[in-house]
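Biologist: Before I rely on any of the labels attached to this model, I would like to go through them with you and hear what stands behind each one.

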Amino acid sequence: TYALDVGGSIRMATAAPSLVLRETDSSNQEFSVFGLGGDFYVRDITQSTYPLKIEAGVANDTLVLESGGNVGIGTNASDEKLHIHSGNIKVQSSPVGGVTPPSLTIGQVNNAYQAGLISSTHVTLKSTNAYGEVIFMPGNTYKGIIKPDGKMGVNTIVPSGTLHVNGSGLFEDHVMIGADSVPTATKLNIGDGHVRLSDGYKID
């Protein structure tokens, strides 16, 4: 049975209409839904927080919870668990010591045909699995990899050295191999000052 069972609409016309829900069990929890200043709120009275606010003038399909379990933001036809239409995702931590924390934006870069990551500082790619790899797949094809042992592959995902390039390379500035500093007059510097060829000869 219901203490109040209405077969039609209920209207509360006042400056701040509200409805309070109180649990009568040991939790004694209270919630309220109310309107104020043109906005709609859900308030946790017990904890004195406002977990949900809907501002006046919100556009259609701002948030859609679909029957199949998908969530759409800006769309009512999401094809993934979370589908954001015509917008970016921004992740930012809380300020520490009054310093503005770094942020990471996922979405449109430069124009409508480029999507990527935009960071206010540096971007870290981290795998917490000891066997985790970072794989690059432009054009839906494996083109590069960073292995957990530090090996990097370009145009290969099975690098056999610290840097394994499967193909030609083009260097438009100094190339240094070894611990010596980069010279100002020469473009190629090998650790002991020589370039050794496969037949054993060297170029001084």
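Biologist: Which residue in β14 is the bridge partner of Gly-153?

Modeller: In this predicted model, the bridge partner of Gly-153 is His-164 in β14.

Biologist: What makes β13 and β14 count as paired strands?

Modeller: Strand β13, residues 152-154, is joined to β14 by three bridges, and two strands pair if there are at least two bridges between them, so β13 and β14 meet the rule. The two strands run parallel.

Biologist: Why are β11 and β14 called edge strands?

Modeller: The open sheet has four strands in the order β11-β12-β13-β14, with mixed pairing, and β11 (134-136) and β14 (163-165) each pair on one side only. Neighbouring strands of this sheet are turned against each other by 10° on average, with direction ignored.

Biologist: Which strands are the edges of the open sheet β5-β6-β7?

Modeller: That sheet has three strands and mixed pairing, and its edges are β5 (64-65) and β7 (82-84), each of which pairs on one side only. Strand β6, residues 71-73, is joined to β7 by three bridges, and these two run parallel; within this pair, Gly-72 stands opposite His-83 in β7.

Biologist: How do you know that β3 and β4 are paired, and in which sense do they run?

Modeller: Strand β3, residues 39-44, and β4 share four bridges in the antiparallel sense, and because at least two bridges are needed, the pairing is established. Phe-40 stands opposite Ile-54 in β4, and in the hairpin of β3 and β4, which has four residues between the strands, Ser-48 takes a positive phi near 55°.

Biologist: Why is the pair of Phe-34 and Tyr-50 called edge-to-face?

Modeller: The ring centres lie 6.2 Å apart, which is within the 6.5 Å required of a pair, and the planes stand at 75°, which is over the 60 degrees that edge-to-face requires; therefore the pair is edge-to-face. It links distant parts of the chain, with Phe-34 in strand β2 (residues 30-36) and Tyr-50 in strand β4 (residues 49-54), 16 residues apart.

Biologist: What is the geometry of the pair formed by Tyr-41 and Tyr-50?

Modeller: Tyr-41 and Tyr-50 are also edge-to-face, at 6.0 Å centre to centre and with 75° between the planes. Phe-34, Tyr-41 and Tyr-50 form one aromatic cluster, and by the same pairing rule the count comes to three aromatic pairs.

Biologist: Are Phe-34, Tyr-41 and Tyr-50 buried or exposed?

Modeller: Buried means under 20% relative accessible area, so Phe-34 at 14% counts as buried, and Tyr-41 at 15% is buried too. Tyr-50 has 44% relative accessibility, which lies between that limit and the 50% above which a residue is exposed, and therefore Tyr-50 counts as partly exposed.

Biologist: What is the make-up of the lining of the largest pocket, by class?

Modeller: The lining has four nonpolar, seven polar and no charged residues. Among the lining residues are Val-91, Pro-102, Leu-104 and Val-123, which count as nonpolar, and His-122, which counts as polar because the charged class holds Asp, Glu, Lys and Arg. The volume of this pocket is about 160 Å³, and the elements that give two or more residues to its lining are β8 (89-92) and β9 (103-109).

Terms used: Residues are numbered from 1 along each chain as its sequence is written. This is a predicted model: local features need pLDDT of at least 70, side-chain atom pairs count only at pLDDT 80 or more; totals for chains, interfaces and linings use all residues. Side-chain values use heavy atoms; hydrogens and water are left out. Axes are lines fitted to C-alpha atoms, for helices over the stretch in contact, and angles run from 0 to 180 degrees between N-to-C directions. On a 1 Å grid over the protein atoms alone, a cavity is a set of points where a 1.4 Å probe fits but cannot get out, and a pocket is an open set with protein on both sides within 12 Å along at least five of seven lines; lining residues have an atom within 4 Å of a point. Grid points are joined across faces, edges and corners, and a volume is the space filled by probe spheres set on the points. Rings of Phe, Tyr and Trp (its six-membered ring) pair if their centres lie within 6.5 Å; planes under 30 degrees apart count as stacked, over 60 as edge-to-face and the rest as tilted. Buried means under 20% relative accessible area, exposed over 50%, partly exposed in between (1.4 Å probe, protein chains only).
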